[in-house]
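Let's take a look at the pockets of this protein and at what lines them. Here is the model.

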Amino acid sequence: MGDPATRASDTLAQLVKFKGMHGYTKSYAVETKEAFDKMLSSLELGDAGPLQRDVTANCMVE
């Protein structure tokens, strides 16, 4: 599994790559891009709260 800091760094690197992918560049609405960019900025500053809230709201199965 690795240590949390390494996993966080690897995850952030993958999320940054998403900005160059078709879904982000061609399919996302401006508002969605802005929300993703804010979340990414928070992650770069070490705040995982916005990502956690998004996952909880949109990805959790009850």
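## The largest pocket

With five residues, α1 gives the most to the lining of the largest pocket. Two elements give two or more residues to this lining: α1 (4-18) and α4 (49-58). Helices here are DSSP runs of H or I with at least four residues, numbered from the N terminus. The full lining is made up of Ala8, Ser9, Thr11, Leu12, Leu15, Leu43, Gly46, Asp47, Ala48, Leu51, Gln52 and Val55.

The volume of this pocket comes to about 190 Å³. Its lining splits into seven nonpolar residues, four polar and one charged (Ala, Val, Leu, Ile, Met, Phe, Trp, Tyr, Cys and Pro count as nonpolar, Asp, Glu, Lys and Arg as charged, and the others, Gly among them, as polar).

## The second largest pocket

Next up is a pocket with about 150 Å³ of space. Tyr28, Thr32, Ala35, Phe36, Met39, Pro50 and Asp54 line it. Here α3 (30-44) and α4 are the elements that give two or more residues, and α3 gives the most, with four. Five of the lining residues are nonpolar, one is polar and one is charged.

## How to read this

A pocket is an open set of points on a 1 Å grid over the protein atoms alone, where a 1.4 Å probe fits, with protein on both sides within 12 Å along at least five of seven lines; lining residues have an atom within 4 Å of a point. Points are joined across faces, edges and corners, and a volume is the space filled by probe spheres set on them.

The model is predicted: local features need pLDDT of at least 70, side-chain atom pairs count only at pLDDT 80 or more, and totals for chains, interfaces and linings use all residues. Residues are numbered from 1 along each chain as its sequence is written, and side-chain values use heavy atoms, leaving out hydrogens and water.
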